[in-house]
Amino acid sequence: MSNVTATALSRIEHELDAHFKALKLEKQRVGAPVFALEHPYDEGWTRQLSKLLEEHLRERGFLSEDFWLCTVVSAAEHGYDFAGLEFWDSFVPSSSWWQYQGNRELLREWFKRFATKYRGAKPSGSWAERFRLISWPITHALLPKDLQLQLAETLHYGRGDLAAGAELQDEDLGRLIRAHAHFPTPRYRHFLQNEALVGQIVHTLLRDHGDQPSAIFAPTLQRISGDIASRAQEREWIRAAREKYAGPVARIGGRLARIWSCANDADQGEQRRGDDHDEIRAAPYRMLRTTFQLRRSLSGTVQVFLLPPSFVGLCAQRPEFKQALAERDIICNVTDRAKPATSLMSDCPSGWQLTAWPVTDAAHVVLSPTLPEALELYAGPMMSAPGPIWLFESFVGGRADQCNDLVVRPGGQYYLIARASSVVESFGAPLTLECANVAAVELTLPNIVPNELISALKSVGISVRRSLTVRAAGLFPRNAASGIGGEWLTTESVAFVLDRDHEIDSIDVTLDGQLSQMPVSTSERHLLIALGRLPEGRHDLVIQSIQHNPTSAHAGPHRTSVAFSFLVRRPTVWIPDRLADDGMIALVDPAAPTIDDFLTGKLSLQAQGAAGHVKVVATLLKDDGQPVLERELLSRPLPLSVTRWNQCLQDFLDECDDEEFLAARSGSLSIKTRDMGSQAIRLRADPKPIRWVVARLKQKGFARLVNDGVDSEDIAIDYYAFVTPARRVAVVASSAIEGLAVAEMSGLLVARGGGCEQSVVTSLSRISGGLNALALPPIDSELPINELIECCGRWARARPVNATARLRQSRVVHAFSISLLEILCGKPWIKSEDSIHKAADKQLWDAIEGAVEPHASNSYGISLSHAWCKGNIGVGDIRQWHAKTSMAYYGALVNEECIRVCWKAATRAEALSTYDSEVLNRVDAATRGVLVRGARLLNLYASFRRTGAP
């Protein structure tokens, strides 16, 4: 990384640290957490920070601990602008390795560090438990831009219940807001689950702080408020909600009650004020309201019903309500009829048909006898929303439900009811109500609502929700987000459709800074914006609708803008066995490798791409950033296969000394190409409490056990020699810590302690005895199956220190496998296999086929042979055919699990586990032998590619 970039990031890191420390002390006084979005810089600075971090990533290839705070702030900034699609892909678009490495987990750990060090916010709710990575940057973004509209809309819907909002705790207010969210998007629903955060944000947005400290850093609050105020609809919703939030609140008997904003509020009588010490916190439930419902009768008239509220939520939170309701009746004051109050414990309690519209300011439904004061606090008076106009939305089936707010949508069908017919008669055809004292009309809105109708509805207090939607014309383009943007080809004509539901006068289309105007027909709902074929590259498009104010000639026009970008590229010709794009893809296993995975040869790598040359460079660093290792491992043309990589890695490890890497604390693998960029794979430090370090020398060497804090008495070390690989010899831990001579201790060393097991196979590179030293070691024929499997797996799991140790290790594993097969298949079978390897003729094939079932009709072996020789199965299908045939012949004696273990014993004995040995011991020896021999037979056919009729 360049000195300029490093210096700039270091300065920003120190400034942010000092800022958040001061902010932590300031916010402790108001009991509020710190958010990473509450930094002291403007948006231009954050863009510069992102550029510095991207440059850092391109040069280093992985995230740096030195700038963890800068990365956390940048992630929170991205969360604020996040549109709800792919967070990680859009966070670092220039780093294609991001989604394959462990950087997401590392970023989460840095957010946790932020929460611990600066008393930062922590995600909560079921969404945070499910999405443990993305929840951190989204939470620290406070209120992302794509959620601001939905929150403002929710505050508008629930503004009637915000009169006591200032008295509620954060969690209670968040729960109230969540109850008013109608049809939330998945992202908004997840956001609302963090009720404490939602309540804190709403309190801060709606409260007039004056000289009082705010729960959100003042510049950050001003930024969020400014973004909301930049959109007219949201600004109006927040203003209306703020008026209700700060509205008058009366205290009746120490209980908060809302004052309805109706004409005769002053006639309600003198309210008794509660003493300050007698105040009770408002209930976290919205006021229980009665609602009206319209139902069309068979005769065509409309009936009015009064529906009581449901007490399901209250009963769930306070079980004492169930007993209280069971002892009471509910009385409708309008009809003077009563019924058991237990009906309120239904989700949809039945109501009463009304013949006359009730008085607005009276409680329509009461409980008899009244509830105790402790429960009355939660229930409150059951009243309906005041008039002078009521709005109902029509549904299929002749039912119309009362709307919570006086807001209508274009294309909808509604009913309007008012006490005076002159208020609503101009909006539609009259309805015949079986209810006196009110008049009703049917309101049907067109898909494009004219300005005159909008003005008329506004005059009676009804708002029309208007929207503009831009989408791609025809099929969605490639990589489209919500139908806009994406990628287009130079051979395609770019076109978009503007959907509107209200009148607009004209449209301004600005493409890459070039402005053009489009006249708008009054009858067209869908407007086509055709841009034609565009040159290759990135294009910025701004579509702005203009509507002149129909009610005031002095007011300026109303403008609504939609801005987005899209790409145009040349078509790509598909070529077999080649990537569609001229790029490179590198895959690593495991996905988040450690330094130990690299040094033990367990890191698998492959790279695919267009024609080109690839280099792989390994880098290991100390704590202070000084290099321990920086070496080119390979340089070859693409593609890079796993086999080729493993060979290069083993050659590198065979030349190195373990002592060189003890100080390594971080590292990376850089896959570089000249024309297709580069990719960095971060190597994490995951040190074990004990581990073997071997000095690889030709004539002498030492194996030393490194102990990082484990008591020597808790360490057990076993040694197994090459000549006696099943016999265990105990080794004193102190001797292993000082160092064991490889010449005297060639073989397998196993150390256990500190909750882990570390094993290594040691051998000098040059051994005496020539090829005789590589002969198969003798295995005790009396060893039971479970001990053979355990010994074989123990040797196979160990790390060989050099090529000679690897070769001798493979010979020992092969010896154990042969001994296991002699027990399972019998020695005659092993001799027959040896004969096939020497000279494979038809007579020998017939003999080994007959040996599959030596004491039966051998129909099982014949079925396997016929299927192979007639071409019914291929090399890749032999395992499935073995399982299918085994179930057909021996399904009554074995199960699928037994067949699977027998196949593994025949092909990869070193992979057998202790559980597998128990499965083998549960099966009859004769049946077990047949299944293993059948698996060996198919593998022999595949190895020698046997052809011809059996």
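User: Let's start with a convention: a crossing is left-handed if the near helix is turned anticlockwise from the far one by less than a right angle, and right-handed if clockwise. In this predicted model, is the crossing of H22 past H23 left-handed or right-handed?

Analyst: Happy to look at that pair. Helix H22 (residues 785-797) packs on helix H23 (residues 803-825) at an angle of about 160°, the axes being 9 Å apart. Angles over 145 degrees count as roughly antiparallel, so H22 is roughly antiparallel to H23. As for the hand, H22 passes H23 in a crossing that is left-handed.

User: How many charged residues does the contact of H22 with H23 have?

Analyst: H22 brings residues including Ile-785, Leu-788 and Trp-795, while H23 brings, among others, Val-812, Phe-816 and Leu-820. By class, the contact has 13 nonpolar and 3 polar residues, and the number of charged ones is zero: no charged residues.

User: Trp-795 turns up there; which residues touch the most other members of the largest nonpolar core?

Analyst: Away from its neighbours within four places in sequence, Trp-795 is in contact with residues including Tyr-720, Phe-722, Leu-748, Val-761 and Phe-816. The largest nonpolar core has 81 residues, and those touching the most other members are Trp-692, Ile-717 and Trp-795.

User: How many residues are in the other core that lies apart from it?

Analyst: Nonpolar side chains tend to be buried together in soluble globular proteins. Here, Phe-321, Leu-325, Leu-344 and Val-438 are among the members of another core, apart from the largest one, and its count is 34 residues.

User: Are H27 and H30 roughly parallel or roughly antiparallel?

Analyst: The axes of helix H27 (residues 878-890) and helix H30 (residues 925-944) come within 10 Å and cross at roughly 150°. The cut-off is 145 degrees, so H27 and H30 are roughly antiparallel.

User: And how many polar residues does their contact have?

Analyst: This crossing is right-handed. Ile-878, His-882, Ser-886 and Tyr-890 of H27 meet residues of H30 such as Val-930, Gly-934 and Asn-939. By class there are 7 nonpolar and no charged residues, and the polar ones number 5.

User: Which helices do the buried residues of H26 pack against?

Analyst: In helix H26 (residues 859-869), the buried residues are Tyr-860, Gly-861, Leu-864, Ser-865, Ala-867, Trp-868 and Cys-869. They pack against H25 (842-850), H27 and H30.

User: Finally, what share of the 950 residues in the protein is buried?

Analyst: The protein has 30 helices and 37 strands. Buried means under 20% relative accessible area, and the share of the 950 residues that fall in this class is 47%.

Terms used:
Residues are numbered from 1 along each chain as its sequence is written. This is a predicted model: local features need pLDDT of at least 70, side-chain atom pairs count only at pLDDT 80 or more; totals for chains, interfaces and linings use all residues. Side-chain values use heavy atoms; hydrogens and water are left out. A nonpolar core is a set of buried Ala, Val, Leu, Ile, Met, Phe, Trp, Tyr and Cys residues joined through side-chain atoms within 4.5 Å. Buried means under 20% relative accessible area, exposed over 50%, partly exposed in between (1.4 Å probe, protein chains only). Contact means heavy atoms within 4.5 Å. Axes are lines fitted to C-alpha atoms, for helices over the stretch in contact, and angles run from 0 to 180 degrees between N-to-C directions. Helices (H or I, at least four residues) and strands (E, at least two) are DSSP runs, numbered from the N terminus. Angles under 35 degrees count as roughly parallel, over 145 as roughly antiparallel, 65 to 115 as roughly perpendicular and the rest as oblique. Ala, Val, Leu, Ile, Met, Phe, Trp, Tyr, Cys and Pro count as nonpolar, Asp, Glu, Lys and Arg as charged, and the others, Gly among them, as polar.
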